[in-house]
Amino acid sequence: MIPSLRKTLFETLYKNKYLYRFASTVPFAGQWRVWQRLVLPRLRGHDVLELGCGLGDLLADMLAAGYHCQAVERSPQMVAAARETLRRRKVGTNSTVIQGSAQGLPFSDASFDTVVSTFPSEYIYESDTIAEVFRVLRPGGRLIVIEGANLLPVGFLQPLLVLIQMFVYGPSAVFGPRKERKLDEEMARSRDNAPREPGLTHIDHDTGTGTSTDEVPDAWFGQFIPLEQNGMRRRSERVRSRRWEVYISIGEKP
Ligand SMILES: C[S@@+](CC[C@H](N)C(=O)[O-])C[C@H]1O[C@@H](n2cnc3c(N)ncnc32)[C@H](O)[C@@H]1O
């Protein structure tokens, strides 16, 4: 799909909660919410800001878990949808979600322990955004970005979904830069028969969820998020299950 058409598609999605719900559920085999929730064990401190919260599901998860949260979302329709989610789930208030832009955050310096962004659009690659994140984070705070995820073409349905995604979303639109994506390696890793990759540090294997996490030095993903240029230390994590891989970049404020 040509980039301008794709851009129009995304702008349309951000204006309609039903379309957005469909587009973030069906083509991803219902895993989007699972991927969003990978943020939870990575949160630090008590005060959390979410950028571009969309429908507000993760925001409601974080509030329900006891965090004090705020969200900044550009689309008025998504602001309304997120407030509705909070009402339905009986957490937060209307003022939890502010209409605004990640490039100009309406908070004073050092207000948050963690800033979260899942499946961000282009705003996450802008220096103005990361400079603002740095400003509102407390020393020792962190930015968590779930930049993208790949369904692996395993089983009957997922190969079809992968094809649809590649057509609709393109090789880099939602999933972050995938120029160096190596599907064969991802598949082998999912079957646990890939040779051990040099330099990886294995962090965790969760038998409950069947996921494992590796810290990836010099990762191909996340590299266009200008963390170092804005004073943050980078940490890249890849979480995988038999069906998917998720790419997480963490920026730590010293
Ligand atoms: C792909 S959606 C992801 C939504 C949500 N985080 C999720 O995981 O489903 C990107 C969201 O970012 C919002 N957005 C786009 N540009 C923004 C900006 N400059 N500041 C804040 N939000 C923005 C969009 O309106 C949209 O809701």
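Visitor: A polar contact is a pair of N or O atoms within 3.5 Å; within protein, one must be able to donate a hydrogen and the other to accept it, and residues adjacent in sequence count only if both atoms are side-chain atoms. So what does Q103 offer the ligand?

Guide: A polar side-chain atom, 2.9 Å from a ligand nitrogen. The model is predicted: local features need pLDDT of at least 70, side-chain atom pairs count only at pLDDT 80 or more, and totals for chains, interfaces and linings use all residues. Numbering runs from 1 along each chain as its sequence is written, and side-chain values use heavy atoms, without hydrogens or water.

Visitor: What about A102?

Guide: There a polar backbone atom sits 3.0 Å from a ligand nitrogen. Q36 uses a polar side-chain atom, 2.8 Å from a ligand oxygen.

Visitor: How much of the ligand's area does the protein cover?

Guide: 97% of the 600 Å² accessible on its own (Shrake-Rupley, 1.4 Å probe).

Visitor: What classes make up the shell?

Guide: Nine nonpolar, nine polar and three charged residues. Here Ala, Val, Leu, Ile, Met, Phe, Trp, Tyr, Cys and Pro are nonpolar, Asp, Glu, Lys and Arg charged, and the others, including Gly, polar.

Visitor: New topic. How many residues are in the largest nonpolar core?

Guide: 40. A core is a set of buried (under 20% relative accessible area, 1.4 Å probe, protein chains only) Ala, Val, Leu, Ile, Met, Phe, Trp, Tyr and Cys residues joined through side-chain atoms within 4.5 Å. W35, V39 and L59 are among those with the most contacts inside it.

Visitor: What does W35 touch beyond four places in sequence?

Guide: F28, F119, I146, A149, L151, W244 and V246, by contact (heavy atoms within 4.5 Å). Another core lies apart, with 19 residues, including L49 and F107.

Definitions and conventions:
Buried means under 20% relative accessible area, exposed over 50%, partly exposed in between (1.4 Å probe, protein chains only).
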